[in-house]
Amino acid sequence: MRQPFTCYMPTRIIFGCGTLKELAVTPHLPGRKALVVISAGKSMKENGYLQLTLDALKANGAQTVVYDKILPNPVSENVDEGAAVAREHGCDFVLGLGGCSSKSTRPSRPGCWPRPVPCAPPCRRRRARPPADARRS
């Protein structure tokens with residue numbers, strides 16, 4: 001049985017060439033201390049995007065903590081470790097910088113902050129049932 005639910009998840013996405021500088025002036029930062037999430041790769045650091053982001057956030061009065069251990073195909077341990085880092089440093093918002101892995105891991109993290117329990121518990125998968133007409137034969 002599926003349970004009804006309501007979800008409200010406001011997310012602001014700043015996207016496009018040259019938009020990192022907007023972080024320095026936007027009045028829409030959701031907090032004062034950011035957990036900046038990037039992949040475990042080198043491109044964000046080597047190409048200067050991480051430093052541009054950190055500088056822009058600092059110019060806007062925000063402190064930053066970098067979490068740079070997201071794998072190309074994120075696992076729940078990435079989420080749990082990132083949540084622990086956010087709690088430890090008192091972060092009040094998350095900024096996912098880079099490709100899909102860092103951004104797709106980012107939204108699941110805030111729900112994990114208040115409690116040190118695994119954020120993404122393993123789920124049991126049901127075996128797919130064949131269509132009714134296939135079961136008759």
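**Exercise 1.** Is lysine 69 buried, partly exposed or exposed, and what is its relative accessible area?

*Solution.* The structure is a predicted model, and the relative accessible area computed for lysine 69 is 43%. Since buried means under 20% and exposed means over 50%, with partly exposed in between, lysine 69 is classed as partly exposed.

**Exercise 2.** Identify the salt-bridge partner of lysine 69 and place both residues in the chain.

*Solution.* The side chain of lysine 69 meets that of glutamate 81 in a salt bridge, with an N to O distance of 3.3 Å, which falls within the 4 Å cut-off. Lysine 69 belongs to strand E2 and glutamate 81 to helix H3 (residues 76-89), so that the pair links distant parts of the chain, twelve residues apart. Glutamate 81 is partly exposed, at 32% relative accessibility.

**Exercise 3.** Determine how many salt bridges there are in total, and describe the one formed by lysine 45.

*Solution.* The count comes to two salt bridges. Lysine 45 pairs with aspartate 68, and their closest N and O atoms are 2.7 Å apart. Because lysine 45 lies in helix H1 (residues 43-46) and aspartate 68 in strand E2 (residues 63-70), the pair ties together parts that are 23 residues apart in sequence. Lysine 45 is partly exposed at 45%, and aspartate 68 is partly exposed at 23%.

**Exercise 4.** Establish where the confidence of the model is low.

*Solution.* The mean pLDDT of the protein chain is 77, with 72% of its residues at 70 or more. Among the elements, helix H2 (residues 49-59) has the highest mean, 96, and helix H5 (residues 132-135) the lowest, 55. Over residues 112-127 the pLDDT is below 50, although this stretch has 21 contacts in the model beyond near neighbours in sequence. Where pLDDT is low, the predicted coordinates should not be read in detail.

How values were computed:
Residues are numbered from 1 along each chain as its sequence is written. This is a predicted model: local features need pLDDT of at least 70, side-chain atom pairs count only at pLDDT 80 or more; totals for chains, interfaces and linings use all residues. Side-chain values use heavy atoms; hydrogens and water are left out. pLDDT is the predictor's confidence in each residue, from 0 to 100. Helices (H or I, at least four residues) and strands (E, at least two) are DSSP runs, numbered from the N terminus. Contact means heavy atoms within 4.5 Å. Buried means under 20% relative accessible area, exposed over 50%, partly exposed in between (1.4 Å probe, protein chains only).
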